[in-house]
Every structure is written in C-alpha cells, then in structure tokens.
Amino acid sequence: MNVNGTHTRTIWLHPSNPAIVQIIDQRALPHKWVIEDLTCVEEVATAIREMHVRGAGLIGATAGYGMYLATLEAKNESLESLRSAGESLKATRPTAVNLAWAVDRQLAAVSSCSSLEEIRATAKKTAQTIADEDAEACRKIGEHGVELIRKIAEKKPGTPVHVLTHCNAGWLAFVDYGSATAPIYAAHDSGTPVHVWVDETRPRSQGAKLTAWELGQHGVPHTLIADNTGGHLMQHGQVDLVIVGTDRTTRSGDVANKIGTYLKALAAKDNGVPFFVALPSSSFDWKMKDGIKEIPIEERGSEEVKYADGLCDGILREVLVAPSNTPAANYGFDVTPARLISGLITERGICEANEASITALFPDLAG
Ligand code: MRU
C-alpha cells in the first residue's frame, strides 16, 4: 500500500542491522508516523500485547520475527529457550490464531537444525517467508474478491459500489494489502468506482484511526460512521456489500472478528446484503468446529471503554468519557456463525462458509 505515495510494508528488518525488526507504532496513527525498533523477544511481546502492532496477519508476522530475535538471544542450539520465547509470545493475545501458527511454524522450521548458526539463519528466512506469504495471500484475496465488487458495479453503472467494513482488516492489520481491504484496493486501482463505509469500531477506534487513514492514503473514497449506523444504511439500500476480516475462523466457517461484527452480520442478513469475510489460510483454526463454544475471546482493560483518545492542541491525549466509578466490560471480539456469512474470500478463491466447501479448497491444510 502507498504511504505518502511510496509503497510501504508494515514490518521489515532494519536495512543496515538485521538484528533489528522495524514496525510502525500504530498507537500514534493517524496523527503521527512513528517507526519503532524491536531488538528482543520482550519488546516484541510488549508490542503485540499493547497493540503497537495489531491485526491477525501482522501479529503473526511479528511473532515470526520475534522468534527470529529469540534465536539471536539463544546461547546454544538447545530449543528450550525458543520454546519458552514462543510460549511468552503466544500468551500476549489469545484470539488471533495467526500468532500461535507463526510461533509453531518457526519451532517446526528450526527443529531439524544442528547448529546455532543454522537455527538463526533458518529462523530469519522463515520470518521473512511468513511475511512474504502474508503479503502474497492478501494480494490474491484482492484478485478474487474484486470480482464481487465488479459484478455489483456492472449492475449500477456510473455509481460507486458501497462496501461497509468493520475495524481494520486493512494493510495495517497485515504485511501488505490487507484482507477485507484487498478487494477494495484492487477495485479502486483498476478503475471500478468504490466507496467504503468505515465503522469507527469502539473502543479502540481502529476504523476511525486506521482504516480511514489508510484508505485516505491510497485515495479510496470513504465515509466514517458511528458503530451503530450500518443497520440504518442497509435498510435504505446504501450498502451493496459487507467485507470484514477475521482473527480466527473455524473449519466449519464460524468467524471471530472485532466486537460488533456479529451485529453487522445480523443486519446484513435481515436486509439481504451480501456479507463476506476475507482471510488468508493462516487465520483458519483447523482444530476448531464450534466458534462460539471454542474460540477464546480476549477481554481487555475497562479503561479502553471508559476513555477516548485523540489529538488535542497537537498533543495525543486521553479523556474520561464515562463516570470514573462506572464498571465497564471490554470484550475484544465476537463470533459470527457461519449461517450468516455469504462466503469466505481466501487466497485460493471464494468458498462457502461451511466445512465441506472450506476443506475442498484447502484439503492439504484441513487434514
Ligand atoms: O484488536 P485488533 O485490532 O488486533 O483486532 C484485529 C482487527 O482489526 C479485526 O478484528 C480485523 O477485522 C481482523 S484482523 C485481520
């Protein structure tokens, strides 16, 4: 994706010091562009836990690089310290399955290495491969998903296709392109007029802060809306298509995504609006079948609900919105049952949200 006109990824190795991983500190966006250096596993764990980086794909890629940094910290070729680094990374955020997937992939990759040098070289290569694959999967999601937008565009020539999205399943949530945004960028880049309704996505406002910013950087027309607006827009024919991302999708097609996604899916069903979920295969949890019963839902601090933050006189500030002694609950994600989902847009194509269709597309991964 373009930032100030230059193609940029969300994570990379320092160009002159490969022992440093560089990320964009997303807490400062959209107001400040801050690049952060990560030099050890502990800093990587903090960056994931405190959401300097966030979004399923980017969490996975960051964990991959974190395991590479763990090999630089290792004193010998025993895998014990790497396993323990992996456990500490896995414990940072529970819902996005990409995190555990990347850690386990690194541990499997280094398991047959016989020297520390080989372990380090393998972990570095694997981290880069995870990042490259994430970017490529998202690019392909764009190629497949853009057909949905084009088909709608053919039926309403001269007017933009209105896509609603929730949270940030964009470039910033992955290494490049994004999942939900990839078809949107592909449509925009190829001249299909598209306009995006951006849910603000309280409490952390990833839609208002991140999705609105990245769509703006890429020149995609968009409108920010308060979280509860989607149903009204759908009732009035102003949403042609919903595309969201996911942090974990079961083999039966149940989708965990940012809190509030389920309500959008219900409204979409009630109004006959197609509701699609875009994901790379790294976001499938092949072991889980019942999303509501099995997917762990992250609960975060109540202060995120009670406070809002933003730019004030050039300084990033937090303000208390609710009464200071009001108890608040902060569930990070909800699960949208497969029956409410029109289809899954993956790097291999679009399938239905059910076990037969998913496993037919991914027989090698589904087991
Ligand atoms: O809590 P976050 O910001 O890490 O949540 C991730 C998300 O932005 C969404 O749930 C997203 O739609 C799926 S991640 C590709």
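Colleague: So that we mean the same thing, axes here are lines fitted to C-alpha atoms, for helices over the stretch in contact, and angles run from 0 to 180 degrees between N-to-C directions. With that settled, which strands does helix 9 lie across?

Modeller: Bearing in mind that this is a predicted model, helix 9, residues 261–271, lies across strand 6, strand 7, strand 9 (241–244) and strand 12 (275–278), and runs at about 145 degrees to strand 12.

Colleague: And helix 7, which strands does that one lie across?

Modeller: Helix 7 lies across strand 6, strand 7 and strand 8, and its angle to strand 7 is about 165 degrees.

Colleague: What's the strand order in the sheet they sit on?

Modeller: The order is 8-7-6-9-12-17-18, an open sheet of seven strands with mixed pairing. Strand 8 (222–225) and strand 18 (349–351) are the edge strands, each pairing on one side only, and neighbouring strands in this sheet are turned against each other by 25 degrees on average, with direction ignored.

Colleague: How many bridges hold strand 17 to strand 18, and is that pair parallel or antiparallel?

Modeller: Strand 17, residues 343–346, is joined to strand 18 by three bridges, and the two run antiparallel; within strand 18, Gly349 is the residue that stands opposite Thr346.

Colleague: Switching to the nonpolar packing, which residues of the largest core touch the most other members?

Modeller: Those are Ile11, Ile48, Tyr65, Leu82 and Leu89, out of the 39 residues in that core. The elements that give two or more residues to this core are strand 3 (11–13), strand 4, helix 1 (41–49), helix 2, helix 3, helix 4 and helix 5 (116–155), and helix 2 gives the most, with ten residues. There is also a second, separate core of 32 residues, which includes Ile149, Val161, Ile243 and Ala278.

Colleague: Why is helix 2 described as largely enclosed?

Modeller: Because 16 of its 18 residues are buried, helix 2 is largely enclosed by the rest of the structure. Helix 2 covers residues 56–73 and reaches 26 Å from its first C-alpha to its last, which is close to the 26 Å expected at 1.5 Å a residue.

Colleague: Back to Leu82, what is that residue in contact with?

Modeller: Leaving aside neighbours within four places in sequence, Leu82 contacts Met67, Ala70, Thr71, Leu107, Val110 and Ile119.

Colleague: And Thr92, buried or exposed?

Modeller: Thr92 counts as buried, because its relative accessibility is 7% and the cut-off for buried is under 20%. Thr92 lies in the loop between helix 3 (80–90) and helix 4 (97–110), where its side chain reaches the backbone oxygen of Leu89 at 2.6 Å, and beyond four places in sequence it touches Ala45, Ile48, Arg49 and Leu99.

Colleague: Any odd backbone geometry, say, where are the cis peptide bonds?

Modeller: One joins Leu29 and Pro30, with omega about 10 degrees, and Pro30 sits in the loop between strand 4 (21–24) and strand 5 (35–38). Another runs from Arg202 to Pro203, with omega near 10 degrees, in the loop between strand 7 (194–199) and helix 7 (206–218), where Pro203 is found.

Colleague: Which residues other than glycine have a positive phi?

Modeller: Among them are Tyr177, with phi near 65 degrees, and Thr201, with phi near 70 degrees. Most residues other than glycine have a negative phi, and most peptide bonds are trans. Tyr177, in the loop between strand 6 (161–165) and helix 6 (181–189), is partly exposed at 28% relative accessibility, whereas Thr201, in the loop between strand 7 and helix 7, is buried with a relative accessible area of 0%.

Key
Residues numbered from 1 in each chain as written. Predicted model: local features only at pLDDT ≥ 70, side-chain atom pairs only at ≥ 80, totals over all residues. Heavy atoms only, no water. Helix = DSSP H or I, 4+ residues; strand = E, 2+ residues; numbered from the N terminus. Buried < 20%, exposed > 50% of the residue type's maximum accessible area, 1.4 Å probe, protein only. Expected span 1.5 Å × (residues − 1). Polar contact = N/O pair within 3.5 Å; in protein donor to acceptor, adjacent residues only side chain to side chain. Contact = heavy atoms within 4.5 Å. Core = buried A, V, L, I, M, F, W, Y, C linked by side-chain atoms within 4.5 Å. Pairing = 2+ DSSP bridges.
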